[in-house]
Structure formats: structure tokens, C-alpha cells
Amino acid sequence: KMSFDFCYADVLALGDSDEEDPVFEIGIKKKKSHKKASSDQYKKVQEEKKLMEIAAGAKKTRKRNRKKKHDRQYRKPNLKGIEDELLHKETEDFQKDTYHMAQGSDTTCEETKVVPTEATTPTVKGLTEEEVKAADDFIAQYTQMKLDQNFEEQTVTSDIEEERYYGNTEYKLKLAQSTPERILRLTTQMKFRLQEGSGEAYYVIGVGDKGESIGIDKKEMEASLRILHKMATTLELEISIVYINKGRHGEIVKVKVM
């Protein structure tokens, strides 16, 4: 039988021991390891989120680059932007002309009287009298080429290939009876054809969009060529006749602008 003194001394000895309660120590270690595991898992989740965000951003970048490449390869002409640019230039030119006319208007009434001339200037819808006269040399070149190529003795030419949306060649049956707004749109279209041909474009007047060799009469052809000359002058281009053929109902003229 253990005495009271012995048991009390044992308890005191155990209480004075430097060793900690093993059960309590194990419990503390478990709690610390649990906290550490939660922290590591949280960091891992955050890293995975960052990687997913980076991957998503890279995917969007690749998609955007593919779209840009597709747009460059199969681009459509920005006709609205080009038309605004040309309209702005036309407005500036008109304002300059108006200013110069106002500066040189110190003339008497007798000086401003119109004296009729023997040669009458043809009227072309959509063009001013000065714009019509500016194309006289070009019309003379057209008339001379008709003689050089013996137009009257030619046979009717066959149809040509269908017009393409892209490329530097444009088909027009005729340009006569055009309004200033339509001439502006046609000039925009000419700029697009020049871009497709790296600064060089061709116009075939007197054919349909499918390449039909229809032909138009001399009066309509001269008016169409004067309008074409106005378009080329607006873009500060050189214009020349390539050939003149005979269609089923009149003339077909191919023109080069550059």
C-alpha cells in the first residue's frame, strides 16, 4: 500500500518535470499543421487562378491577331472615309477659288459682259464649264486614236471576262448624266482601284458588269471621258487612252490612270 507522502512526492516530481504533456504537445502540432495546409492550399488556388487569367488573356490576344490578319487579307475598302477625305478637299478647293474670284472682282460692268464665241462648249451634267474645257486635250487624244485605229472599219469585239470586286480594273457602261455627288462616289471608287493596282488603274467604258461588249454612242462616250478626266484631275493623276473597240451598239474605250 502506497503511503500518502510517497504519492504526494511523486506528484511533485512529475509537476517539476521539464517535459511537457505529450498529449497536449501532439494537439498543438496538429493545429499548426492544419493551418499550414490551409495556407498552402489557398496559395495554390490563387496561383491556379493567375495561370487561368494569363491563359485567357493569351487566348484573346491570339484571337485578336487572327482577326487583324483576316481583315488585312480580306479587307473591304473604307469608302466612307475616302469619300469624306475627297469631300473635304473639294470644299477647300472651292473656298480657294471663291477667294481668288473675290480678289479679282474689281472689274467694271462692261468688262463682265459675256461675248459669244464661235465654238460652243458642250455641256456635261455634273461638271462646270471650266471642268469640261479642261478635258479638251484628252478628248482630242481620243478622237485621234479613233482615226489611228480605223474605228469605222473594225468588227464588233467579243465579250470580256466578268468584272472582279477586287483588282485595278473597273467596268462602266457610261458615266454621262452624273450628279456631283455621284462623281464624288466614283472618284472614291477610283482611289480604291488605284490602291488595288499599286497606283495604277484601268477603266473600260462601254461594257457591262458581266463583260458584255455593248458600246455607247460618240456623244455619251465624250461626256463619260470628260467625267473620267475630272475624277483623275481631282486625284492629281495622269490619264491616257489605251484602245478603242467597236461594241454591238457603239464605242468601247479603255483608259489608264496612274
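Here, a residue is called buried when its relative accessible area is under 20%, exposed when it is over 50%, and partly exposed in between. Keep that in mind for what follows, since this is a predicted model and burial comes up for almost every residue discussed.

**The overall layout**

The protein chain has 7 helices and 4 strands. Reading from the N terminus, the elements go α-α-α-α-α-β-α-β-α-β-β. Of the 258 residues in the protein chain, 27% are buried.

**Helix α6 and what comes after**

Let's start with α6, which covers residues 180-196 and has 17 residues. From its first C-alpha to its last, helix α6 reaches 25 Å, close to the 24 Å expected at 1.5 Å a residue. Which residues of α6 are buried? The list is Ile 183, Leu 184, Leu 186, Thr 187, Thr 188, Met 190, Lys 191, Phe 192, Arg 193 and Leu 194. Notice that charged residues turn up there, with Lys 191 and Arg 193 both buried. Arg 193 also has company: a network of salt bridges links Arg 193 with Glu 163, Glu 170 and Lys 172.

Step just past the end of α6 and you meet Ser 198, with a positive phi of about 55°. Ser 198 sits in the loop between α6 and β2 (201-205). The relative accessible area of Ser 198 is 73%, so Ser 198 is exposed.

Ser 198 has a counterpart in Asn 150, which is not a glycine and yet has a positive phi of about 50°. Asn 150 belongs to the loop between α5 and β1 (169-172). With 43% relative accessibility, Asn 150 counts as partly exposed. As background, most residues other than glycine have a negative phi.

**Salt bridges**

How many salt bridges does the structure hold? There are 12. The general idea is simple: side chains of opposite charge can pair when their charged atoms come close. Here are three of the pairs, with their N to O distances.

| Positive partner | Negative partner | N to O distance |
|---|---|---|
| Lys 230 | Glu 131 | 2.9 Å |
| Lys 146 | Glu 251 | 2.6 Å |
| Arg 164 | Glu 161 | 3.8 Å |

Take the pair of Lys 230 and Glu 131, whose closest N and O atoms are 2.9 Å apart. Lys 230 lies in helix α7 (residues 218-234) and Glu 131 in helix α4, so this salt bridge ties together parts that are 99 residues apart in sequence. Are the two partners buried or exposed? Lys 230 is buried, at a relative accessible area of 16%, whereas Glu 131 is partly exposed, at 23%.

Next come Lys 146 and Glu 251, whose closest N and O atoms are 2.6 Å apart. Since Lys 146 is in helix α5 and Glu 251 in strand β4 (residues 251-257), the pair ties together parts that are 105 residues apart in sequence. Both of these partners, Lys 146 and Glu 251, are buried.

The salt bridge between Arg 164 and Glu 161 has an N to O distance of 3.8 Å. Arg 164 is exposed, with 58% relative accessibility, and Glu 161 is exposed too, at 53%.

**Two buried spots and their distant partners**

Ala 135 lies in the loop between α4 (129-134) and α5 (136-148). What is the relative accessibility of Ala 135? The value is 0%, so Ala 135 counts as buried. Across the fold, the C-alpha atoms of Ala 135 and Thr 233 are separated by 9.5 Å, while the two residues are 98 residues apart along the chain.

Ser 224 is placed in helix α7. Ser 224 counts as buried because its relative accessibility is 0%. The C-alpha of Ser 224 is separated by 9.0 Å from that of Ser 178, although the two lie 46 residues apart along the chain.

**A positive patch on the surface**

Finally, look at the surface, where Lys 59, Arg 62, Lys 63 and Arg 66 gather in a patch of positive charge. One of these, Lys 63, has its place in helix α2 (residues 22-73). At 59% relative accessibility, Lys 63 is over the 50% cut-off and therefore counts as exposed.

Key. Residues numbered from 1 in each chain as written. Predicted model: local features only at pLDDT ≥ 70, side-chain atom pairs only at ≥ 80, totals over all residues. Heavy atoms only, no water. Patch = residues over 30% accessible without salt bridge, like charges linked within 9 Å, V, L, I, M, F, W, Y side chains within 5 Å. Areas by Shrake-Rupley, 256 points an atom, 1.4 Å probe, with all protein chains shown as cover. Salt bridge = Lys/Arg side-chain N within 4 Å of Asp/Glu carboxyl O. Lys, Arg positive; Asp, Glu negative; His and termini not counted. Charge placed at Lys NZ, Arg CZ, Asp CG, Glu CD. Helix = DSSP H or I, 4+ residues; strand = E, 2+ residues; numbered from the N terminus. Buried < 20%, exposed > 50% of the residue type's maximum accessible area, 1.4 Å probe, protein only. Expected span 1.5 Å × (residues − 1).
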